Amino acid sequence: MKKYIAFIGIPAFLIIGYLIADSLLFTGIKPLIVNQDSFQANYFAKESTKSKTTVVLIGGGEWGDYWAQEFAKKGMVGLSIPYSGRDGLPKLPEEIELEYFENAINWLKKQPEVDPNRIVVMGASRNAELALILASTFTKSISGAVAYAPSAVSWSNTVLPYNSDQLKASWKYKGLDIPYVPMAKIKGSDSKKIEMLDYWKTGLSKTDLVAQAAIKVENINGPILLFSGNDDKVWPSSRMADMIAQRLAVNSSKNSFQNIKYDNAGHNISTNPESHSNYSTNTIQIDGKAYEYELGGTEQGNFKAKQDAKIKLMDFLTKI
């Protein structure tokens with residue numbers, strides 16, 4: 001009997017001890033896991049937070065959870081929302097229905113921690129593309145947008161080599177395609193490295209299609225904040241940020257707009273600002289072969305850009 005008690009008691013003691021230590025050592029804000037029929041997300045907010053600015057992190061994952069928690073620590077609310085690649089979500093990021101995000105925003109409006117008139121969307125790279133599309137579509141619900149390494153247009157599903165080969169829209173709303181620039185899939189070569197910029201520049205040279213697929217940023221009902229690295233070697237984000245600025249000017253937008261660029265900085269300036277990472281390349285699978293591609297920027301340039309951008313981002317959000 002004593003052995004049985006010891007067998008049960010020791011593991012229980014260790015588990016309880018772990019939980020107590022975890023609660024004492026954990027300094028962040030643990031999320032509410034939202035898993036409804038209409039959407040999935042991690043919701044970050046302090047118990048004391050009431051009616052505050054809320055940021056929707058498009059794409060979710062580790063990136064979205066990091067930023068959502070940072071905002072919650074500052075007394076705001078963060079919603080980290082994935083939209084593909086998980087159980088219950090589309091397998092591939094193509095023909096994603098904007099209603100999915102509309103459901104999440106409608107849910108947010110009912111939460112006591114959220115000010116329904118101060119909901120902002122934020123994304124990086126392709127998720128920045130989507131964030132700007134959402135803000136320009138749901139103008140009565142979204143009050144601003146933040147885009148790191150942005151796109152000025154919507155692209156077809158085929159810009160991602162792991163998507164299906166059939167040409168499709170990346171995004172849809174009310175059963176209709178969001179207009180896009182149609183692209184052939186990127187091709188590999190005999191080399192182990194691949195140059196990414198030429199692929200996107202070819203797409204941007206299709207002027208008629210680019211005009212048709214341009215994101216209607218002038219419709220966004222609130223301030224817009226763009227960050228890009230002048231040495232982005234994944235896609236021409238600084239150029240596309242300028243395209244966004246030009247479109248706003250042509251349409252006489254009166255919203256606050258910031259187009260912030262960093263020298264010696266590349267594509268990944270939205271990642272954890274406290275991480276002094278020195279990785280400068282990534283890999284992509286094309287037709288079963290792994291290729292290395294450059295991200296751009298220098299270690300110090302990227303670090304400075306990330307830290308400065310976080311300061312400007314927090315300042316931006318306090319003024320929403």
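**Salt bridges, strand 10 and helix 3 in a predicted model**

D315 counts as partly exposed, at 39% relative accessibility. The model is a predicted one, and in it the side chain of D315 meets that of K319 in a salt bridge, with 3.1 Å from N to O. K319, in contrast to its partly exposed partner, is exposed, with a relative accessible area of 63%. Elsewhere, E70, K73 and K310 are joined into one network by salt bridges that share partners.

Within that network, E70 and K73 form a salt bridge in which the closest N and O atoms are 3.3 Å apart. Both residues belong to helix 2 (residues 61–73), where a separation of three residues places them about one turn of the helix apart. The relative accessible area of E70 is 13%, so this residue is buried, the cut-off being under 20%. K73 has 38% relative accessibility and therefore counts as partly exposed.

A further salt bridge links K312 and D308, with an N to O distance of 2.7 Å. These two residues lie in helix 8 (residues 299–318) and are separated by about one helical turn, because they are four residues apart. K312 is partly exposed at 31% relative accessibility. D308 is also partly exposed, with a relative accessible area of 24%. In general, side chains of opposite charge can pair when their charged atoms come close. Over the whole structure, the search finds 12 salt bridges, among them those of E70 with K73, K312 with D308 and D315 with K319.

Attention turns next to the strands. Strand 10 comprises residues 224–229 and is mostly covered, with six of its six residues buried. I224, L226 and S228 point one way from the strand, whereas L225, F227 and G229 point the other way. Such a pattern is the general one, because in a regular strand the side chains alternate between the two faces of the sheet. In strand 10, the residues pointing either way are all buried.

Strand 10 has pairing partners in strand 7 and strand 11. Strand 7 (residues 145–148) runs parallel to strand 10 and is joined to it by four bridges. In this pairing, V146 stands opposite L225. The pairing with strand 11 (residues 257–262) is likewise in the parallel sense and extends over six bridges. There, F227 of strand 10 has I260 as its bridge partner. Between strand 10 and strand 11 the chain passes through helix 7 (residues 237–250), and the resulting β-α-β crossover is right-handed.

Helix 3 spans residues 99–109, and its buried residues are Y100, F101, A104, I105, W107 and L108. These residues lie on the same side of helix 3, because the arc that they cover around the axis is only 160 degrees.

Confidence was examined along the chain. The mean pLDDT is 92, and 92% of the residues reach 70 or more. Over residues 1–26, however, pLDDT stays under 50. For this segment the model has three contacts beyond four places in sequence. Where pLDDT is low, the predicted coordinates should not be read in detail.

Terms used
Residues are numbered from 1 along each chain as its sequence is written. This is a predicted model: local features need pLDDT of at least 70, side-chain atom pairs count only at pLDDT 80 or more; totals for chains, interfaces and linings use all residues. Side-chain values use heavy atoms; hydrogens and water are left out. Buried means under 20% relative accessible area, exposed over 50%, partly exposed in between (1.4 Å probe, protein chains only). The arc is that of the directions from the helix axis to the C-beta atoms. pLDDT is the predictor's confidence in each residue, from 0 to 100. Contact means heavy atoms within 4.5 Å. Two strands pair if DSSP finds at least two bridges between them. A crossover is right-handed if, with the strands pointing away from the viewer, the path from the first strand over the helix to the second runs clockwise. A salt bridge is a side-chain nitrogen of Lys or Arg within 4 Å of a carboxyl oxygen of Asp or Glu.
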